[in-house]
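Here is a short tour for anyone about to load this protein into a viewer. We begin with the whole chain and then turn to a single strand.

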Amino acid sequence: MAAPQHFSTRYLSAPDVIALVQRKGVEPCLHGIADYIHADFLRWGAFDKSARVASHSRDGVIELMPIADDQTYAFKYVNGHPKNTRWGLPTVMAFGVLADVATGAPLLLSELTLTTALRTAAMSAVAARALARPGSRTMALLGNGAQSEFQALAFHHLLGITTLRLFDTDPAATAKLQANLQGTGLRTVACSSTAEAVRGADIVTTVTADKTNATILTPDLLASGMHINAVGGDCPGKTELHADVLRQAQVFVEYAPQTRIEGDIQQLPPDFAVTELWEVLAGQHGGRASDTAVTVFDSVGFALEDFSALRFLRDAATELDMGQPIELIPELSDPKNLFGLLRTRSPLLRVVA
């Protein structure tokens, strides 16, 4: 029998990840996660893929998002509860695991709430670099909640967006976003309606939270050459785009079997034509047909993006020597004798005389 091996899992708490992002900087983190996503999408065929497993309730959804290649398995636990802010909780909360395929041993356990916002924004930028017109400089940002700063900074740093036209049904959300973006080099314009916000925009990002079949963007608001980054529609019964917006556009998705259930294209027949983004990134599809075409990235969030984000966190934490080892798996002197753990005296027990 092989000698017993001591094993621990690296744990990155929420404070750890906050400190990691602060030490590296938001811009390098967005660039880094985007690079990892791009590299992993180019290995699309190497992954065992499936749509996420969702448990829906009246107030929200809880999901597990698994994926693996032949070396590493990953999953994310994530929720979406729009009413959470009433109780002081985030709408989205998440954590994730990286594990070794050869042994099943969990290598990394990490918060993914902050990280999900970074990876979602990085994914949006990866798609826009492939689909938006070169030279795009103005973006409308519809929905100015918890995800909005990350989307704004990703498009600023990775695409060169310089002007944001903002609209939210809650003016306080827009004021919060403008305050948080001071000093970033972005010019922000608060608008009084969706129509005003999208006027003159090269890119339109929709990132709303309400779990409804909404029509945030309608066909009359489309402009020649516009790229639409639809982020908020991400579960059955939750949309942001009028169906005719999709019919008039070239539509790109992450993983079609999942997006047809959760994305804006859930409104359309199962044979509605879409292109998976990996095909564009790998040069198997030309992407935008012309400078006048309208493109839509119907983004719902796919497990491969979390795989990439977890890899980035693992490598950054190793580089910066951050995180703590935790005993998530019991240490066994004999791996065939699990019950024996209960027959040994716990170091936490003390005899009181």
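## Surface and charge

The accessible surface of this predicted model comes to about 16,200 Å², and carbon and sulfur atoms hold 55% of that area. Turning to charge, you will find 29 positive and 37 negative side chains, with the centres of the two sets 3 Å apart.

## Overall fold

The secondary structure adds up to 10 helices and 17 strands. The protein is as compact as a globular protein of its length, because its radius of gyration of 22 Å is close to the 20 Å that the globule rule gives for 353 residues. If you are setting up a box, the C-alpha trace spans about 80 × 45 × 40 Å along its principal axes.

Half of the story is inside: 50% of the 353 residues count as buried. Among contacts with a separation of 6 or more, 71% are made by residues 24 or more positions apart.

## A closer look at strand β16

Which residues lie on each side of strand β16, and are they buried or exposed? In this strand, residues 295–298, T295 and F297 are on one side while V296 and D298 are on the other, and all four are buried, leaving both faces covered.

Strand β16 has parallel pairings to follow in the viewer. With strand β12 (residues 227–230) it pairs in the parallel sense over four bridges, and there V296 of β16 is the bridge partner of I228. Strand β14 (residues 250–253) also pairs with β16 in the parallel sense, over four bridges; here D298 of β16 is the bridge partner of V253.

Technical notes. Residues are numbered from 1 along each chain as its sequence is written. This is a predicted model: local features need pLDDT of at least 70, side-chain atom pairs count only at pLDDT 80 or more; totals for chains, interfaces and linings use all residues. Side-chain values use heavy atoms; hydrogens and water are left out. Buried means under 20% relative accessible area, exposed over 50%, partly exposed in between (1.4 Å probe, protein chains only). Helices (H or I, at least four residues) and strands (E, at least two) are DSSP runs, numbered from the N terminus. Two strands pair if DSSP finds at least two bridges between them. The radius of gyration is taken over C-alpha atoms; the globule rule is 2.2 Å times the number of residues to the power 0.38. Contact means heavy atoms within 4.5 Å. Accessible areas come from the Shrake-Rupley method with a 1.4 Å probe; for residues, only the protein chains shown count as cover. Lys and Arg count as positive and Asp and Glu as negative; His and the chain ends are not counted. The place of a charge is taken as NZ of Lys, CZ of Arg, CG of Asp or CD of Glu.
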